[in-house]
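Me: I'd like to go through this model and check that the labels hold up. Could you show it to me, and then I'll ask how each one is justified?

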Amino acid sequence: MPFLDLRSTTAVAIAALLVGVAPEGWAQGLESKETVEKIVGSEVKEEEARAAADAEKVIAAIDRTSENIGTVRKISRLDKIDIVFLADAAVTEGGPPPQIEAKVKEHEKEIADLRKEIEGNAMLFHAIDSRQILTRDVLAIDFDSPNTAVIYAAAKPAQ
């Protein structure tokens, strides 16, 4: 029996060694654009807007956070994801304008729950992560139609 244990141990060691030296093309990491596109499976569009100019839309989306959490939890396919960068609301720019900041504070717990749900949704998480947006920068998500999501992020687009 010791001979079989040695053979099994050797096989496991060789397999581990091969995995460690496998060419990079054998596995696609999440840094691969193709992998992210397959996971997201939706057209991702970006735009930059001023938070103050879009305040009504952002506030309306924040007010719907509780109901949108359920949608984020269940949704697995979208035709389009619009990411709206609110660059002037980024922490480096002093944060959101006062009226948006007040709504964020009012819905603080719901927004925290929304961010957790986004982290748990591979499609939405990889859509924002591939654009170098941290979940903590997401202010709101809204669903324009059953097949389109708009994500408002207090962040600047990646350069």
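**Strands, pairs and cover**

Reply: Sure. Six bridges join β3 to strand β4 (residues 148-153), and the two run antiparallel. Keep in mind that this is a predicted model.

Me: What makes β3 and β4 a pair?

Reply: Pairing takes at least two bridges, and β3 and β4 have six, so they count as paired. For example, S145 stands opposite T148 in β4, and A140 stands opposite Y152 in β4. The two strands form a hairpin, with two residues between them.

Me: How do you know that β2 and β4 pair too, and in which sense?

Reply: The cut-off is at least two bridges, and β2 and β4 have six, in the parallel sense, so that pair passes as well. One of the bridges puts K80 opposite its partner T148 in β4.

Me: Why is the pairing in the sheet called mixed?

Reply: β4 runs antiparallel to β3 but pairs with β2 in the parallel sense. Strands of a sheet can pair either way, through backbone hydrogen bonds. With both kinds present, the pairing is mixed.

Me: What makes the sheet open, and which strands are at its edges?

Reply: The four strands come in the order β1-β2-β4-β3. β1 (43-49) and β3 (138-145) each pair on one side only, and those are the edge strands. On average, neighbouring strands are turned by 20° against each other, direction ignored.

Me: Why is β4 described as mostly covered?

Reply: A residue is buried when its relative accessible area is under 20%. Six of the six residues in β4 are buried, so "mostly covered" is well earned. For the chain, buried residues make up 41% of its 159 residues.

Me: How do you know that both faces of β4 are covered?

Reply: In a regular strand the side chains alternate between the two faces of the sheet. In β4, T148, V150 and Y152 are on one side, A149, I151 and A153 are on the other, and all of them are buried.

Me: Which helix lies across the sheet strands, and at what angle to β2?

Reply: That's α7 (residues 122-129), which lies across β1, β2 (80-86), β3 and β4 and runs at about 45° to β2.

Me: How many helices and strands are there in the chain?

Reply: Seven helices and four strands. From the N terminus on, the elements run α-α-β-α-α-β-α-α-α-β-β.

Technical notes
Residues are numbered from 1 along each chain as its sequence is written. This is a predicted model: local features need pLDDT of at least 70, side-chain atom pairs count only at pLDDT 80 or more; totals for chains, interfaces and linings use all residues. Side-chain values use heavy atoms; hydrogens and water are left out. Axes are lines fitted to C-alpha atoms, for helices over the stretch in contact, and angles run from 0 to 180 degrees between N-to-C directions. Contact means heavy atoms within 4.5 Å. Buried means under 20% relative accessible area, exposed over 50%, partly exposed in between (1.4 Å probe, protein chains only).
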